[in-house]
Structure formats: C-alpha cells, structure tokens
Amino acid sequence: MKSAIAIVAHPDDIEFLFAGTLLQLGRIGYELHYFCLANGGCGSLTMDAQATAKLRRSEAKQAAVILGAKWHGPLCNDLEIVYSVDLIKRLAVTIRETRPEIVLTHSPDDYMADHTETARLALTAAFTHGMPNFGTEPPSQALKDHRLAVYHAMPHGLRDGLRRRIVPGSYVDTSDVMETKRQALEAHASQGAWLDASQGMGSYVANMEKMSREVGSMSGIFEHAEGWRRHLHLGLSPEEFDPLSEALQNRYQVNLDYEASL
C-alpha cells in the first residue's frame, strides 16, 4: 500500500493547512500518517504546559481518527523544534518505518520558527531514507529502491515572514472534503480561544475556510483548494516524479506560470 505522511510543528497545523489533501489521498487508498513534532504545551493562557499538552494530545488523536490517519507521538515541546542531529535521527525512523511516497510539510519560510524548522527537519529526514550509514534513534533499516517527494504547504496567511505573497506551484481541489476538514479542525477545541487571544485570529474555522477559498480562487478552477510547492528532486527521486499529480489527477492542477518561472 502506498503511504503519505504529514509532518508539522503543532497539533492543528495539519487541519488548518492541508487536511484536505490527506483526505483526498485517503479516498484513493493511501495509508495516512499524522505527525506533529511538538506537543502543543504552549497553547493555553489558563492551563499549565503539562495539562495543555495532555489535552492537545487527546485532540490530535481525535482529529487523526476523523482524517483516517495513524497518529505519531510528539518529539519535543513547543518552541523547542530546532534543526538538530537528535531530532533528525528520531524523525528519520518514522520516515523509514512508514515508507512514504509523499511527504507533506510546512512552507520553508513561514511566520514562526517552529514551522520553518519543521520543514527543514522533514526534508533532511526524508533525504536520509536510503542512507544505511546514517544512524537513527532507535536504529532502523534504510530503505532500498525507494523514492519519495516532499511538498511544502502554503505559509499561514499565504505570505512569507517578510510579507511577500507566495504563489503555489500546484493546487489540490478540497471542495468535496471541506466538511470533514472542518470537523477535524474543530476537534482542536482548545485552540480557538487561544489563537484569538494570542494572535487576534477571530473565528478559527472561518479563517481556515477563508484561506482555502482564496487558494481556490488562485487556482482559477476550484472553489476550495490547498496549494503546494514540490521540493527539488535531488537525493529523493527522479526529476519527473510528482506522486500527488499521479494520484489525484483531475483533483490536482499544476500552476503552469509557476513552472515556467523556474
């Protein structure tokens, strides 16, 4: 069975940014994996870190069930996602065990360091998948004759850290899975009040829907969409390997202007 893994920083990042793509892959038989590197313990103004992390673990597990994905436990605390050999070794184990064809992760430039560091870690862990001389923790077997592609989601707010507009290289139609995506995001009930209080986000779900409609409008064809940029193939796969396109077909649209600009 083909598999896809979502690697993000915090519980609720998957649901906010790209749960629709996971749902579309699950519909066609992909085994789905749900991995938040941090435990979410900083996401409260009223509970301590331990209680918050416990609650957010429960919410993430519920969301993973809604998405039909296997949940993987966090590796560190919020704001402690740093590009380090320790985290690469621990993340690489999961890459090798799940054997993903598709790795979905954050934008390489986003509004907070946890997101951008997660993107770096996901890429390096994927890069080591076939290296038997790279030791993991715990030890694991490198993959032979395996290929994978890494896709970067749109940054929060559709802009990089310097406010520049980010244009997707491709779009996934999520129009017909929006209700399930909403349910998965709503499973993170503790985060609505926190994000409004700490970041002035307002309605949690409404902001997600606004972003998906905006990306859909950018596609010129889909009502709701999630945008992606595929990482350079070197060290991962043959140049032409684009498994999201192969898998999703008419639910996937390449941005020809983006491709022409490369």
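At what angle do the axes of helix α4 (residues 85–98) and helix α5 (residues 113–127) cross? In this predicted model, the crossing angle is roughly 60°, and the two axes come within 8 Å. That makes α4 oblique to α5, because the angle falls outside the classes for roughly parallel, perpendicular and antiparallel pairs. The crossing of α4 past α5 is right-handed. On the α4 side, the contact is formed by L87, I88, L91, A92 and I95. These residues meet L121, A122, T124, A125 and A126 of α5. By class, the contact of α4 with α5 comprises nine nonpolar residues, one polar residue and no charged residues. An α-helix has 3.6 residues a turn, so residues three or four places apart point the same way.

A second helix pair was examined in the same terms. Helix α6 (residues 178–186) packs with α8 at an angle of about 140°. Their axes are 10 Å apart. The crossing of α6 and α8 is right-handed. From α6, M178, K181, R182, L185 and E186 take part in the contact. From α8, the participants are Y204, V205, M208, E209 and S212. By class, the contact of α6 with α8 divides into five nonpolar, one polar and four charged residues. Charged residues are thus present between α6 and α8, whereas the contact of α4 with α5 has none.

The nonpolar interior was considered next. The largest nonpolar core holds 48 residues. Within this core, I14, F18, L25, Y34 and L244 have the most contacts. Helix α8 (residues 204–219) supplies the largest share of the core, five residues. With neighbours within four places in sequence left aside, F18 is in contact with A6, V8, D13, L104, T105, A153, E226 and W228. A second, separate core has 23 residues. Among its members are I5, A92, V103 and L236. A92 is also one of the α4 residues that meet α5.

Helix α2 (residues 19–27) is largely enclosed by the rest of the structure, because seven of its nine residues are buried. The buried residues are A19, G20, T21, L22, L23, Q24 and L25. L25 is also among the residues with the most contacts inside the largest nonpolar core. α2 is followed by G29. The phi of G29 is positive, near 100°.

Several further backbone features were noted. Most residues other than glycine have a negative phi, and most peptide bonds are trans. The peptide bond from E137 to P138 is cis, with omega near 0°. P138 is found in the loop between α5 and β5 (149–153).

Positive phi values also occur at residues that are not glycine. R163 has a positive phi of about 75°. R163 lies in the loop between β5 and β6 (170–173). At 69% relative accessibility, R163 counts as exposed, because the value is over 50%. Q249 has a positive phi of about 50° and is likewise not a glycine. Q249 is found in the loop between α9 (243–248) and β8 (252–254). Its relative accessibility is 57%, so Q249 counts as exposed.

Conventions:
Residues are numbered from 1 along each chain as its sequence is written. This is a predicted model: local features need pLDDT of at least 70, side-chain atom pairs count only at pLDDT 80 or more; totals for chains, interfaces and linings use all residues. Side-chain values use heavy atoms; hydrogens and water are left out. Axes are lines fitted to C-alpha atoms, for helices over the stretch in contact, and angles run from 0 to 180 degrees between N-to-C directions. Helices (H or I, at least four residues) and strands (E, at least two) are DSSP runs, numbered from the N terminus. Angles under 35 degrees count as roughly parallel, over 145 as roughly antiparallel, 65 to 115 as roughly perpendicular and the rest as oblique. A crossing is left-handed if the near helix is turned anticlockwise from the far one by less than a right angle, and right-handed if clockwise. Contact means heavy atoms within 4.5 Å. Ala, Val, Leu, Ile, Met, Phe, Trp, Tyr, Cys and Pro count as nonpolar, Asp, Glu, Lys and Arg as charged, and the others, Gly among them, as polar. A nonpolar core is a set of buried Ala, Val, Leu, Ile, Met, Phe, Trp, Tyr and Cys residues joined through side-chain atoms within 4.5 Å. Buried means under 20% relative accessible area, exposed over 50%, partly exposed in between (1.4 Å probe, protein chains only).
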